Amino acid sequence: MIHLLEIKTEKPVQVVDITDQVNGAVADSGVVEGICLVYTLHTTTGIVINESESGLVQDLVRRLSSLAPPGDGYLHDRIDDNAHAHLQAVLLGSCQTIPIEEGCLVMGTWQRVLFVELDGPRRRNVLIKVVPS
């Protein structure tokens with residue numbers, strides 16, 4: 001089963017907790033045992049699993065900016081002026097695979113599925129594919 005989740009971001013850099021939507025896609029699929037792939041369809045976004053605590057989210061955004069700051073003389077900036085967002089997305093990765101057992105995502109107590117916008121605001125799409133085992 002494939003579910004397409006549309007996300008409308010409101011800021012240039014934004015972290016959106018999509019755990020509930022991913023859980024909903026798993027529940028709708030009826031899959032009891034398997035895996036769930038969460039994949040962003042964009043080159044300036046990322047998918048991570050971590051806490052959604054506000055301080056940690058701010059730390060993540062700050063660290064990404066320090067590792068690949070805007071306006072650092074990137075060659076790609078001659079085209080779109082968003083090379084920093086592409087580089088930050090490479091650091092995060094574009095997908096996560098989560099096991100499913102007893103119809104639920106297998107995640108730790110504090111783990112959440114986070115969509116990270118790095119070049120917003122925009123309309124974005126995340127593909128959620130639920131695969132039975």
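**Backbone exceptions, cores and helix packing**

Glu-102 is exposed, with a relative accessible area of 70%, in this predicted model. The residue lies in the loop between β5 and β6 (104-105), and its phi is near 55 degrees, a positive value in a residue other than glycine. Most residues other than glycine have a negative phi, and most peptide bonds are trans. A further non-glycine residue with positive phi is Asp-81, for which the angle is near 60 degrees; Asp-81 is placed in the loop between α2 and α3 and, because its relative accessibility is 54% and exposure begins over 50%, it counts as exposed. Just after α3, Gly-93 also takes a positive phi, of about 95 degrees. In the loop between β7 and β8, where Pro-121 is found, the peptide bond from Gly-120 to Pro-121 is cis, with omega near -5 degrees.

The interior was examined next. The largest nonpolar core has 19 residues, and those with the most contacts inside it are Ile-18, Val-22, Cys-36, Val-38, Val-126 and Ile-128. Two or more residues are given to this core by each of β1 (2-8), α1 (19-29), β3 (34-40), β5 (95-101), β7 and β8 (123-132). A second, separate core of 8 residues includes Val-48, Leu-64, Val-116 and Leu-118. When residues up to four places away in sequence are not counted, Ile-128 touches Met-1, Ile-2, His-3, Leu-5, Gln-21, Val-22, Ala-25, Cys-36 and Leu-37.

Helix α3 (residues 83-92) has Ala-83, His-84, Ala-85, Gln-88, Ala-89 and Leu-92 as buried residues, and the elements that cover them include β4 (45-50), α2 (54-67) and β7. The helices α2 and α3 pack at an angle of about 120 degrees, with their axes 9 Å apart, and are therefore oblique to each other; their crossing is right-handed. On the α2 side the contact is made by Leu-60, Leu-64, Ser-65 and Leu-67, and on the α3 side by Gln-88, Leu-91 and Leu-92.

In a regular strand the side chains alternate between the two faces of the sheet. Such alternation is found along strand β2 (residues 14-17), where Gln-14 and Val-16 point to one face and are buried, whereas Val-15 and Asp-17 point to the other and are not buried. Strand β2 is joined by 4 bridges to strand β7 (residues 112-117), the two running antiparallel, and Asp-17 has Leu-114 as its bridge partner in β7.

Methods. Residues are numbered from 1 along each chain as its sequence is written. This is a predicted model: local features need pLDDT of at least 70, side-chain atom pairs count only at pLDDT 80 or more; totals for chains, interfaces and linings use all residues. Side-chain values use heavy atoms; hydrogens and water are left out. Buried means under 20% relative accessible area, exposed over 50%, partly exposed in between (1.4 Å probe, protein chains only). Two strands pair if DSSP finds at least two bridges between them. Contact means heavy atoms within 4.5 Å. A nonpolar core is a set of buried Ala, Val, Leu, Ile, Met, Phe, Trp, Tyr and Cys residues joined through side-chain atoms within 4.5 Å. Axes are lines fitted to C-alpha atoms, for helices over the stretch in contact, and angles run from 0 to 180 degrees between N-to-C directions. Angles under 35 degrees count as roughly parallel, over 145 as roughly antiparallel, 65 to 115 as roughly perpendicular and the rest as oblique. A crossing is left-handed if the near helix is turned anticlockwise from the far one by less than a right angle, and right-handed if clockwise.
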